[in-house]
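Reader: I am new to this structure and would like to understand the reasons behind the words used to describe it. Could we go through them one at a time?

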Amino acid sequence: MAYYLGCENVGLEFPTAKLFDALTLGVNSGDRIGIVGRNGDGKSSLLGVLAGVVEVDTGRVVRTGNVTCGFLAQRDSLDDELTVGQAVVGDTPDYVWASDAKCRTIIAELTQGIDWDSRVGTLSGGQRRRVDLARVLIGDYDVLMMDEPTNHLDIEGIHWLAEHLKTRWREGEGALLLVTHDRWFLDEVCLNMWEVHDSVVTPFEGGYSAYIMQRVERQRQQAVAESKRKNILRRELAWLARGAPARSTKPRFRVEAAESLIADEPPLRKKVELKRTAMSRLGKKVIHIKNASVSFDGREIVKPLEWNIGAGDRIAILGTNGAGKTTLLRLLEGKLAPSRGRVEIGQTVKFAVLTQQLDELEQYADDRVRELCQRYRTQVEMADGRKMSPMQLLEELGFESDQFSCPVRDLSGGQKRRLQLMLILLDHPNVLVLDEPGNDLDTDMLAQLETLLDTWPGTLIIVSHDRYLVERVTDNQYALIDGELLHMPRGVEGYLEELRRRELSEQAAAPKAEPEQKQDVGLGQRELREIKKKRSSTERKMGTVRGKLEDARAALLEIDGTDYVALGEQQAKITQLETEIAKLEDAWLEYSELLGE
């Protein structure tokens, strides 16, 4: 395992905060590290320090030999005057990059629908992000650092990027560092986690799920330690009062498996209670869509649709960028008249919409957060009976006491996002429409948002590319594909499978080019029999290795949650088996292609 780069005793301080103090850490070959932490704690700064784009105050950043680094920043520095092609491949001739299968695949995936010869300055924010991502991914770097790489990607694009990154580092060469709030992406891609907090970086073995499990374990141990400390103080007080020491022993705290960490947790949502409360606020009729469709310039954006959205329904709408999700939302809200059919909205319905923009906060730019809260003499009643004031709502969403004195204009993007949500909840809506609610929020804030939504009594409609958020907060997922709204009982995975099924159907229906091409292989009967034997052998090996992988995953759950060494060794074994399966699958595909199947 080769050492690539790191930092030694690094200190970094800004006028408003000290980010790091004597920080030392390193990156080795084979590392796939996800970086998490609260907004403002220094995740992006840490990535910038390691990439060499942020100057440190003390200490030094070290890089071994000729190690090369690729860096994707949150905001691109692309030249507006360059063409898309120049921004992605530079001056490399077309015949050079087009002869590289990896480059062709990346460019085709990320620049689909973008004119190769158009100027960068004419692109939308999402298109610029995809161009910048393509620029970084086609590079042959030892270390790749990416800050919010999933921004502006739809669910299909995020899935593709995860598969690309896993395949790219499957052999253990190179290293990857990610800053992202997408928890599914972290779990899918990363083998290790770094948590940035309180001027330090704490490493964790495993992906996001393992990180959460270890955090819960650490919190329990801290709670037990605090409990013991209080017991000691009580015994000390008793000794002082009675003049004799009281002796007692306490059982050791031990977590047997991950399930025990959540054994006492209640269900995420009390669905019956939420439905009952929502019905009392909304009645039986919420939104009825009767054979409604939307067309523009003779093209159906939303095909004829029958849909009944009821009180307390929690719905997610999935779809690629440009599929028409925003159009569908406007139809549901009654802001867009259908081209045919009709939309009926209940008389008691009161919409509130959390948009992707923060423009509505501009009118409060000079107000302090506390002053803004004090203007509202209203409370929000949750399904569990709690009544929450504006400041209590913000505390529930992660605001700290010192942030209440900040002017709105000085808040971070994530803080403004949470303030925006508080303001719309104070308007007492009973149908809440959230368009990408996870934008600008870190993983801890997303968890707090989800907990709040779990007790919000009303109908909830979410559009998001964050599959973790979608499947965590909603009960039913629908996908808008080619203008048709389809129910997805298996959630995001079912949606991706449907997209793949349609793609394969289109390929099968397309006319075959050069059908005689496979005959050029020129294999005799003996060679064909040999290839079939090899493929059969490969299939048997795949079955054996899959069995070992299932056993290894089961064994991981049996390991003591505090034994990080054993957890790390078992995770390494699982990774090795996954790599072995991937190689066998590649070999099986090669044999099948030779056989023309």
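**Terms and the values behind them**

Author: In the hairpin formed by β8 and β9, two residues lie between the strands, and Asp198 has a positive phi near 50°. This is a predicted model, and the values discussed here are computed from it.

Reader: What makes β8 and β9 a pair of strands, and in which sense do they run?

Author: Two strands are called paired if at least two bridges are found between them. Strand β8 (residues 192–197) and strand β9 (residues 200–205) are joined by six bridges, so they meet that rule, and their sense is antiparallel. Within this pairing, His197 stands opposite Val200 in β9.

Reader: Which strand is joined to β8 by five bridges, and how does it run?

Author: That strand is β3 (residues 32–37), which runs parallel to β8. One of the partners can be named, since Val36 has Glu195 as its bridge partner in β8.

Reader: Why is β8 called mostly covered?

Author: The word buried is kept for residues with under 20% relative accessible area, and six of the six residues of β8 are buried. In a regular strand, side chains alternate between the two faces of the sheet. In β8, Asn192, Trp194 and Val196 point one way while Met193, Glu195 and His197 point the other way, and all of them are buried.

Reader: How do you know that helix α6 is largely enclosed by the rest of the structure?

Author: The conclusion rests on a count, because 10 of the 14 residues of α6 are buried. The buried residues of α6 include Ile155, Trp160 and Leu165, and also His159, His164 and Lys166.

Reader: What is the span of α6, and what is the span expected?

Author: The expected span is 1.5 Å times one less than the number of residues. Helix α6 covers residues 155–168, which is 14 residues, and it reaches 20 Å from its first C-alpha to its last, close to the 20 Å expected.

Reader: What makes helix α1 mostly covered as well, and what follows it?

Author: Helix α1 (residues 43–51) has eight buried residues out of nine, among them Lys43, Ser45, Leu46 and Val49. Gly52 comes after α1 and has a positive phi, near 85°.

Reader: Where does α1 lie with respect to the strands?

Author: Helix α1 lies across β1, β2 and β4, and its direction makes about 125° with that of β1. These three strands form an open sheet in the order β2-β1-β4, with antiparallel pairing.

Reader: Why are β2 and β4 called edge strands?

Author: The name fits because β2 (17–28) and β4 (58–63) each pair on one side only, where a pair needs at least two bridges. From one strand to the next, the twist of this sheet averages 10°. Strand β1 (residues 3–14) is joined to β2 by eight bridges in the antiparallel sense, and Tyr3 stands opposite Asn28 in β2.

Reader: What is the strand order in the open sheet of six strands, and what is its pairing?

Author: The order is β14-β17-β18-β12-β19-β20, and the pairing is mixed. Its edge strands are β14 (351–354) and β20 (484–487), each of which pairs on one side only. The twist averages 20° from one strand to the next. Helix α14 (residues 413–425) packs on this sheet, where it touches β14 and β17 (431–435), and its direction makes about 175° with that of β14. Elsewhere in the sheet, β12 (residues 314–318) and β19 (residues 476–481) run parallel and are joined by four bridges, with Leu318 opposite Ala479.

Reader: Why is Gln415 called buried?

Author: Gln415 has a relative accessible area of 13%, and because buried means under 20%, the residue falls within that class. Gln415 is found in helix α14, and, with neighbours within four places in sequence left aside, it is in contact with Phe399 and Gln403.

Reader: How many cavities of 30 Å³ or more are counted, and what lines the largest cavity?

Author: The count comes to one cavity of 30 Å³ or more, and the largest cavity holds about 50 Å³ of space. Its lining includes Leu354, Leu397, Pro437 and Leu449, and α14 gives the most to that lining, with three residues.

Technical notes
Residues are numbered from 1 along each chain as its sequence is written. This is a predicted model: local features need pLDDT of at least 70, side-chain atom pairs count only at pLDDT 80 or more; totals for chains, interfaces and linings use all residues. Side-chain values use heavy atoms; hydrogens and water are left out. Buried means under 20% relative accessible area, exposed over 50%, partly exposed in between (1.4 Å probe, protein chains only). Axes are lines fitted to C-alpha atoms, for helices over the stretch in contact, and angles run from 0 to 180 degrees between N-to-C directions. Contact means heavy atoms within 4.5 Å. On a 1 Å grid over the protein atoms alone, a cavity is a set of points where a 1.4 Å probe fits but cannot get out, and a pocket is an open set with protein on both sides within 12 Å along at least five of seven lines; lining residues have an atom within 4 Å of a point. Grid points are joined across faces, edges and corners, and a volume is the space filled by probe spheres set on the points.
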